[in-house]
Amino acid sequence: MTHSGPGSGRLDDHVTPPSGDEVDAGGDEFFDASFLAELEGLAAMDKGAVPSPLALPGSLTDKLAEFLAGEAPGEAPLDEETFVALPDSALVERITRLVEICRASRRGGAVQAVENFIIFFQALVPTVAEEGARQIKRFFFRLAPTLIHIAYNDFADEAEQRAEGLAALRNLETILIEIANVRLAPTESQLVFRNIDQMAAFISVGEYTMSNEVISTQLLMIIRGNKMTRALFRLMEVEVSIQVFLKERFGYLTPQLRIPEDIEALREYGPIRILEEELLGERKMFLQIQIPEIPFLRDIVLHVVAPDGKTTFDLRLDALGSTELNLPPGAYSLGLVYQPD
């Protein structure tokens, strides 16, 4: 079965489930050997090609000092470790302070872009596992001077450069979202954030094209490519479990569903089941598939082929792995497709 194309989807009883090594090479590691090598290659960029961190002019140094100031008079300013260890309430207060500092600038468009990124960071951190959240906080702390600089000086004078700068911030957001729900091994996390720090260094000196084309494009390709590889292995496992389940339950040699004959027998918990719920006074039927360890179940489509062999239905799963089942009576072949929306 081909999982990645929109027209694929028939489950095949000759599929052999992947071994544990194939499915999760390296145990707790997210990246397999080939993707890890690509990540290492990207992180090993010549240090001479990566600019030094931004040095703020005197007027903006005061703004940064305001953001880092201790809570009480005479108290030492925040350093990276203290910032990372802030409790949730103190972190929110500190982030609010940074927003207010940036809002004091008169450069409306730049302030809005920076504020959007800060709010994005604030919303993202609570959704990430503890170690990942700590890494993202470290990165944000090191990025704070650049955010202040952009708020007061804009990305650039020329419109094209400003657009590139805005794209660079959005690319940072995209990469952080991509890794937010991934459990990375320590080595992997270090490599990913080395690359992200390189992006930030280019942004800090206005080298937005370098950030976008040299780092972020390649890093996103590596992360998404590895996610797809792992997702396909997971789907192979799920396909086999569904196939075995339906064969034991109904004796089917190929995965299929007969409507309405099989509905009652699939109400019990299993790799594939049918649920009924009342929504806005209307009874609706849902088909739910158990797919472990795929973060975005909305990337999975249930491909259904009607009895005539020609009519097809692509039913995208929701965040719970469910999709509304509203098909006319008949025997339908089933398949799973990895198809990011």
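How many helices and how many strands make up the secondary structure of the chain? With the whole predicted model in view, colour by secondary structure and count 10 helices and 7 strands. Colouring by accessibility instead brings out the buried residues, which make up 48% of the 341 residues in the chain. If you build a contact map, take the contacts with a separation of 6 or more, and you will find that residues 24 or more positions apart account for 68% of them.

**Stop 1: helix H6**

Select residues 108–124, which form helix H6, a run of 17 residues that reaches 24 Å from its first C-alpha to its last, close to the 24 Å expected at 1.5 Å a residue. Show the side chains of its buried residues, among them Val111, Val114, Phe117, Ile118, Phe120, Phe121 and Leu124, and note that Glu115 belongs to the buried set as well. To see what covers these residues, add helix H5 (88–103), H7 and H8, which are included in that cover.

**Stop 2: helix H10**

Move on to H10, which has 43 residues and spans 59 Å from its first C-alpha to its last, close to the 63 Å expected at 1.5 Å a residue. Centre the view on Ser216, where H10 has a kink of about 35°. Then follow the helix to its end and select Gly251, which comes just after H10 and takes a positive phi of about 80°.

**Stop 3: the salt bridges**

Side chains of opposite charge can pair when their charged atoms come close. A search of the whole structure finds 12 salt bridges, and the tour visits some of them.

Begin with Glu178 and Arg224, whose side chains meet in a salt bridge at 2.9 Å, N to O. Glu178 sits in helix H8 (residues 159–180) and Arg224 in helix H10 (residues 208–250), so this pair ties together parts that are 46 residues apart in sequence. Is Glu178 buried or exposed? Glu178 is buried, because its relative accessible area is 15% and the cut-off for buried is under 20%, whereas Arg224 is partly exposed, with 41%.

Keep Glu178 selected and add Lys227, with which Glu178 forms another salt bridge, the closest N and O atoms being 3.2 Å apart. Here too the partners lie in H8 and H10, so the pair ties together parts that are 49 residues apart in sequence. Both Glu178 and Lys227 are buried.

Next, select Arg142 and Asp197, which form a salt bridge with the closest N and O atoms 2.9 Å apart. This pair links distant parts of the chain, with Arg142 in helix H7 (residues 130–153) and Asp197 in helix H9 (residues 186–204), 55 residues apart. Arg142 is partly exposed at a relative accessible area of 36%, and Asp197 also counts as partly exposed, at 25%. Extend the selection to Glu80, Glu81 and Arg138, since salt bridges that share partners join these residues with Arg142 and Asp197 into one network.

**Stop 4: strand S4 and its partners**

Now select strand S4 (300–305), in which 6 of the 6 residues are buried, so that S4 is largely enclosed by the rest of the structure. In a regular strand the side chains alternate between the two faces of the sheet. Which residues of S4 lie on each side? Ile300, Leu302 and Val304 are on one side, Val301, His303 and Val305 are on the other, and both faces are covered.

Add strand S7 (residues 330–338), which pairs with S4 in the antiparallel sense over 6 bridges, and look for Val301 standing opposite Val337 in S7. Then add S5, which runs antiparallel to S4 and is joined to S4 by 5 bridges; here Leu302 stands opposite Leu315 in S5.

**Stop 5: the turn between S4 and S5**

S4 and S5 form a hairpin with 6 residues between them, and Gly309 in the turn has a positive phi of about 75°. Select Asp308, found in the loop between S4 and strand S5 (312–316), which is partly exposed, with a relative accessible area of 49%. The side chain of Asp308 makes a polar contact with the side chain of Thr311 at 2.8 Å. As a last distance to display, draw the line between the C-alpha atoms of Asp308 and Tyr332, which are 24 residues apart along the chain and separated by 9.2 Å.

Definitions and conventions. Residues numbered from 1 in each chain as written. Predicted model: local features only at pLDDT ≥ 70, side-chain atom pairs only at ≥ 80, totals over all residues. Heavy atoms only, no water. Helix = DSSP H or I, 4+ residues; strand = E, 2+ residues; numbered from the N terminus. Buried < 20%, exposed > 50% of the residue type's maximum accessible area, 1.4 Å probe, protein only. Polar contact = N/O pair within 3.5 Å; in protein donor to acceptor, adjacent residues only side chain to side chain. Salt bridge = Lys/Arg side-chain N within 4 Å of Asp/Glu carboxyl O. Pairing = 2+ DSSP bridges. Expected span 1.5 Å × (residues − 1). Bend = angle between axes of the 7 residues up to and from the residue. Contact = heavy atoms within 4.5 Å.
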